[in-house]
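Trainee: I'd like to go through this model with you before I head back to the bench. Could we take it piece by piece?

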Amino acid sequence: METASWHGWRTAAERALYGPEGFYRRPEGPAGHFRTSVHASALYARSVAALLIRVDEALGRPGTLDFVDVGAGRGELVTGVLAALPDDVAARTRAWAVEIAGWPAGADERITWTAETPRGVTGLLFANEWLDNVPLDVVETDADGVPRTVLVGPDGTERLGAPVSGEDAEWLARWWPLDAEEGLRAEIGLPRDRAWASAVSRVDRGLAVAVDYAHTRDSRPLFGTLTGFRAGREVVPVPDGSCDITAHVALDACAGAASVPAALRTQRAALRALGVTGVRPPLALASSDPHAYVRALAAVGEAAELTAPGGLGDFGWLVQSVGIPDPLAL
């Protein structure tokens with residue numbers, strides 16, 4: 001394989017995901033390959049709408065209330081949030097879908113589609129499984145325990161490159177220090193820190209929330225988390241545009257990059273704070289209103305999936321407040 005075809009994972013994944021023929025420009029969209037909380041249940045969008053209502057109240061019900069869906073896919077979340085809002089709140093809501101793939105056919109005309117996060121946001125900026133797709137470099141310790149950049153070829157074959165240096169080495173030492181043991185891996189989250197700090201800087205007043213697969217400094221995985229997804233199955237990551245390329249997010253590092261108050265929660269805790277309890281309906285309802293009982297049972301199942309230990313419930317929620325109290329702490 002020629003030298004020119006070897007790149008760090010950040011460069012390779014950027015092209016494979018977002019280039020002209022990239023994975024995220026394919027017509028089927030992310031939902032054709034993996035299932036997020038948004039796709040699991042409409043209850044998720046209703047919960048985000050409830051959070052937006054709390055933000056609206058904390059802001060004093062402004063004349064224009066922004067909802068910004070970062071990494072919007074085909075607009076499933078922003079569409080569901082608009083549908084779940086009370087009429088008086090929906091009438092004041094300015095909805096944004098931030099997505100490179102552009103406006104899908106049949107999209108709600110109330111939604112503004114843009115490739116860049118808007119400035120001057122007053123309201124809620126919500127990034128569901130966006131940061132895990134911000135490309136980053138992978139490093140691995142060599143036989144001497146020295147962290148080196150992992151290079152990858154078009155077919156997914158890897159080899160070690162130069163030792164990590166400069167600001168990448170500084171990030172690694174602060175956020176993901178590696179022992180001097182051969183074969184340990186880490187993912188340099190600096191591009192994600194910067195992407196998140198930039199997104200938060202667009203919020204003048206309100207709340208910024210990032211939801212993702214996550215880990216913190218006291219629980220980093222020994223061998224990293226880089227992987228691929230295709231057609232609903234986890235696969236070996238290959239940077240050829242045929243699969244999603246993703247890695248879990250160091251949300252604590254992202255929190256430190258944005259200079260506003262931050263709180264880290266599990267999705268389970270966040271959704272319960274928004275009233276998603278998963279409590280079974282009373283049996284008496286089955287007699288008085290059988291249809292309502294069936295709907296309530298279905299909601300219990302959906303709530304259980306969204307909050308399940310070992311599954312979606314373990315996702316991290318990074319919540320950062322700009323000029324208002326944390327609405328999830330109420």
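Mentor: What follows is a walk through a predicted model, so every value we discuss is computed from it.

Trainee: Let's start inside. How many cavities of 30 Å³ or more turn up in the whole structure?

Mentor: A search of the whole structure gives two cavities of that size. The largest cavity holds about 60 Å³ of space, and among the 13 residues lining it, Ala 13, Pro 135, Leu 136, Leu 226 and Ile 245 are the closest to its centre.

Trainee: Which elements each supply at least two residues of that lining?

Mentor: Those are helix H1, residues 9-18, and strand S14, residues 244-246. H1 gives the largest share, with three residues.

Trainee: And what's the chemistry of the wall, by class?

Mentor: The lining of the largest cavity divides into nine nonpolar, two polar and two charged residues.

Trainee: What about the second largest cavity, how much space is in there?

Mentor: The second largest cavity holds about 40 Å³, and its lining includes Trp 171, Trp 176, Glu 187, Arg 192, His 215, His 248 and Cys 254. Leu 136 is also one of the residues lining this second cavity, and you have already met Leu 136 among the residues closest to the centre of the largest one. By class, the lining of the second largest cavity has six nonpolar, three polar and two charged residues.

Trainee: Arg 192 caught my eye. Which residues of its helix, H7, are buried?

Mentor: In H7 the buried residues are Leu 190, Pro 191, Arg 192, Asp 193, Ala 195, Trp 196, Ala 199 and Val 200. Helix H7 covers residues 190-201, and its 12 residues reach 16 Å from the first C-alpha to the last, close to the 16 Å expected at 1.5 Å a residue.

Trainee: Back to H1 for a second. Is Ala 16 buried or exposed?

Mentor: Ala 16, which has its place in helix H1, counts as buried because its relative accessibility is 4%, and the cut-off for buried is under 20%. Ala 16 also has a partner far along the chain: Val 238 is 222 residues away in sequence, yet the two are 8.5 Å apart in space, C-alpha to C-alpha.

Trainee: Switching to strands. What's the order in the open sheet of three strands?

Mentor: The order is S13-S12-S14, with antiparallel pairing. S13 and S14 are the edge strands, each pairing on one side only, and neighbouring strands of this sheet are turned by 35° against each other on average, direction ignored.

Trainee: How many bridges join S12 to S14?

Mentor: Three bridges join S12 to S14, which run antiparallel, and Thr 227 stands opposite Thr 246 in S14.

Trainee: Now S2. How many of its six residues are buried?

Mentor: Strand S2, residues 65-70, is mostly covered, with six of its six residues buried. Both faces are covered: Leu 65, Phe 67 and Asp 69 lie on one side, while Asp 66, Val 68 and Val 70 lie on the other.

Trainee: What are the strands joined to S2, and which way do they run?

Mentor: Six bridges join S2 to strand S3, residues 93-98, and these two run parallel; five bridges join S2 to S5, and that pair also runs parallel. Val 68 is a handy residue to follow, since Val 68 stands opposite Trp 96 in S3 and has Leu 125 as its bridge partner in S5.

Trainee: And beyond S3, what is it joined to by four bridges?

Mentor: Those four bridges join S3 to strand S4, residues 111-114, and the two run parallel. The bridge partner of Val 98 in S4 is Thr 114, and S3 is mostly covered, with five of its six residues buried.

Trainee: Last topic, backbone oddities. Which residue has a positive phi of about 50° although it is not a glycine?

Mentor: There are two to look at, Glu 129 and Ala 231. Glu 129 lies in the loop between strand S5 and strand S6, whereas Ala 231 lies in the loop between strand S12 and strand S13.

Trainee: And are they buried or exposed?

Mentor: Glu 129 counts as buried, at 11% relative accessibility, whereas Ala 231 is exposed, with a relative accessible area of 54%.

Key: Residues numbered from 1 in each chain as written. Predicted model: local features only at pLDDT ≥ 70, side-chain atom pairs only at ≥ 80, totals over all residues. Heavy atoms only, no water. 1 Å grid on protein atoms, 1.4 Å probe; cavity = no way out; pocket = protein on both sides within 12 Å on 5 of 7 lines; lining within 4 Å. Points joined across faces, edges and corners; volume = space filled by probe spheres on them. Nonpolar A, V, L, I, M, F, W, Y, C, P; charged D, E, K, R; others polar. Buried < 20%, exposed > 50% of the residue type's maximum accessible area, 1.4 Å probe, protein only. Expected span 1.5 Å × (residues − 1). Pairing = 2+ DSSP bridges. Axes fitted to C-alpha atoms, helices over the stretch in contact; angles between N-to-C directions.
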